[in-house]
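Subject: Structure handover

Hi,

Here is the structure I promised to pass on to you. Please open it next to this note, as the notes below go through it residue by residue.

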Number of protein chains: 2
Amino acid sequence: MEQILPHLDSVFSIDCVLFGFDGKELKILLIERNEEPFKDWWALPGNIVGADESLDQSASRILYELTSLRGIYMEQYYAFGDPNRHPQGRVITLAYYALIRLGGDKEPRPISTYAKRAKWLPITDLPKLAFDHQKIYDKGLEKIKRRIKHQPIAFELLPEKFTLTQLQHVYELILGKKLDKRNFRKKIVSFGVLKELDEKQKGVSYRAATLYRFDKRKYAKLFGKEISF
Amino acid sequence: MEQILPHLDSVFSIDCVLFGFDGKELKILLIERNEEPFKDWWALPGNIVGADESLDQSASRILYELTSLRGIYMEQYYAFGDPNRHPQGRVITLAYYALIRLGGDKEPRPISTYAKRAKWLPITDLPKLAFDHQKIYDKGLEKIKRRIKHQPIAFELLPEKFTLTQLQHVYELILGKKLDKRNFRKKIVSFGVLKELDEKQKGVSYRAATLYRFDKRKYAKLFGKEISF
DNA sequence: ATTACTTAGTGTAAAAATTACACACTATAT
DNA sequence: ATATAGTGTGTAATTTTTACACTAAGTAAT
């Protein structure tokens, strides 16, 4: 195919805020850069969009290369394109977030050459980030805060079977505030997208809680309607 | 500055859905293309992002070139980057919407060479659009539907002084449904961002309605809190 | 087996928000 | 003076939201 479009020296990349939940803390995956600029700084994982990749594919690829995970809920949320955001040239970047259940604790291995290592770091204690990545992260958190109030994305962070307390915990971490237990349960149950299982939590040294599962069928019917917290 | 970043043949553009309200209808500004591909088709106005422009600046420039308007509320809402969305090469485009009060009826003049003409067309009767512009428009409308429920953006479409009926009309057009007059007024007034003026509508052949103004100060205090319809 | 510990699980009343609904008023035009 | 067309207003019923505290169930230690 002939390229007859005008041509500019701009680079288009994708950066990802990968939110992970291990049952206790909300974390994001950061990489420690191995190259200038910002060598030795922590940064959001990202990469140039490939010539034949869609944007979503590109984001999935970045995720996969870092975590070997597929089928993760990802969503683009904002493009950052300040002419000076990258010291070495014009780089426009599209930010994605992903929500990941950190089952067990397989640390992601660093792979590409530009990263020394990758690490899940709790959002309550993040290092200084390279480029404008702090801004990108801030906007990402803001976005999922808003999103979790209207769409049932919290499930993406939990294992298939979970307790209501765990679910509430996720909401509290993302929204950054405590919620009333009884009201939370009343409300979340009233949406009708939870399926109570005949199964109890195991391995806890106290009364075991009932496990629930997210009911995707019921959710599909309800889709479009907004929920709210 | 040395360019040491990798280089790809991709083009980055911005497309705009300019929503306009003339007091009666909701319209968008379309241009009739003068060049292949899609010569003679209607399309969303758009352009390549300039080397030293921020994204917002670029969107504002596109708007300005078409309408001579400045200081208009614009917001980016989604990036479209399917590898095949442009028949002549890879073009990633970032979509913006704008909300514009169509005071009087100064038709925008077509300017750039790639457009035969530009025209405000009612959203109830849009032609087939070039490229994936229908998709871009659909997503834009969806976006402002959601946005108008939570943020007072409807004011951007109205003249500085407006009646409550006009305001309600805007909500109804965007949400695509009728609202109850008394409940609408109760609610919108309860937000406390309207200032009632000592002035009445003029030039109508029936009882003149009271004019209101949007109170930006009060809104600033309230910002962050969501409103809902 | 008793006790201490820890989290699970439940109800209600008050307050606030939402909905549904209809008619008299006022300015203008004829 | 009469017709017309849109303005502007209140209330009761319903639903949703909020605030709030104790008992039940299982585990661990003695």
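What follows is a short account of what I found, beginning with conventions and then moving from the overall build to the DNA and the backbone.

This is a predicted model, so to speak of conventions: local features need pLDDT of at least 70, side-chain atom pairs count only at pLDDT 80 or more, and totals for chains, interfaces and linings use all residues. Residues are numbered from 1 along each chain as its sequence is written, chains are lettered from A and ligands numbered from 1 in the order in which they are written, and side-chain values use heavy atoms, with hydrogens and water left out.

**Chain A overall**

Chain A is built from five helices and ten strands; these are DSSP runs (helices H or I, at least four residues; strands E, at least two), numbered from the N terminus. Along the principal axes, its C-alpha atoms fill a box of roughly 60 × 40 × 30 Å. Of the 229 residues in chain A, 50% are buried, where buried means under 20% relative accessible area, exposed over 50%, and partly exposed in between (1.4 Å probe, protein chains only). Among contacts in chain A with a separation of 6 or more, 66% are between residues 24 or more positions apart; a contact means heavy atoms within 4.5 Å. The chain exposes about 12,000 Å², with carbon and sulfur atoms supplying 49% of that (Shrake-Rupley method, 1.4 Å probe; for residues, only the protein chains shown count as cover).

**DNA strand C**

There are 18 residues around DNA strand C, and A:Lys181, A:Lys186, A:Thr210, B:Lys186 and B:Arg207 come nearest; a residue is near a strand if one of its heavy atoms lies within 4 Å of it. Sugar and phosphate make up 41% of the strand C atoms that come within 4 Å of the protein.

Three polar contacts (pairs of N or O atoms within 3.5 Å) are worth a look here. The side chain of A:Thr165 places an N or O atom 3.0 Å from a phosphate oxygen of strand C. On the bases, an N or O atom in the side chain of B:Asn183 is 3.1 Å from a nitrogen, and one in the side chain of B:Lys186 is 2.9 Å from an oxygen. The elements giving two or more residues to this surface are α4 (181-190) of chain A and α4 (181-190) of chain B. By class, the surface near strand C has ten charged, four polar and four nonpolar residues. In that scheme, Asp, Glu, Lys and Arg are charged, Ala, Val, Leu, Ile, Met, Phe, Trp, Tyr, Cys and Pro are nonpolar, and the others, Gly among them, are polar.

**DNA strand D**

DNA strand D also has 18 residues around it, the closest being A:Lys186, A:Arg207, B:Lys181, B:Arg207 and B:Thr210. For this strand, sugar and phosphate account for 43% of the atoms within 4 Å of the protein. A polar side-chain atom of A:Arg207 sits 2.9 Å from a base nitrogen. Phosphate oxygens of strand D lie 3.4 Å from a polar side-chain atom of B:Arg185 and 2.8 Å from an N or O atom in the side chain of B:Thr210. Again, α4 of chain A and α4 of chain B are the elements that give two or more residues to the surface.

**Helix α3 and Ser58**

In chain A, helix α3 (residues 164-175) has twelve residues and spans 16 Å from first C-alpha to last, close to the expected 16 Å (1.5 Å times one less than the number of residues). Its buried residues include A:Leu167, A:Tyr171 and A:Ile174. Just after the helix, A:Gly176 has a positive phi of about 70°.

A:Ser58 belongs to helix α1 (residues 55-67) of chain A and counts as buried because its relative accessibility is 0%. Beyond neighbours within four places in sequence, A:Ser58 contacts A:Ile14, A:Ile48, A:Val49 and A:Glu53.

**Backbone points to check**

Most residues other than glycine have a negative phi, and most peptide bonds are trans. A:Glu36 and A:Pro37 are joined by a cis peptide bond, with omega about -10°, and A:Pro37 is in the loop between β2 (26-33) and β3 (42-43). The bond from B:Glu36 to B:Pro37 is cis too, with omega near -5°.

A:Phe131, not a glycine, has a positive phi of about 50°; at 18% relative accessibility, A:Phe131 counts as buried.

Best wishes

Definitions and conventions: Polar contact = N/O pair within 3.5 Å; in protein donor to acceptor, adjacent residues only side chain to side chain.
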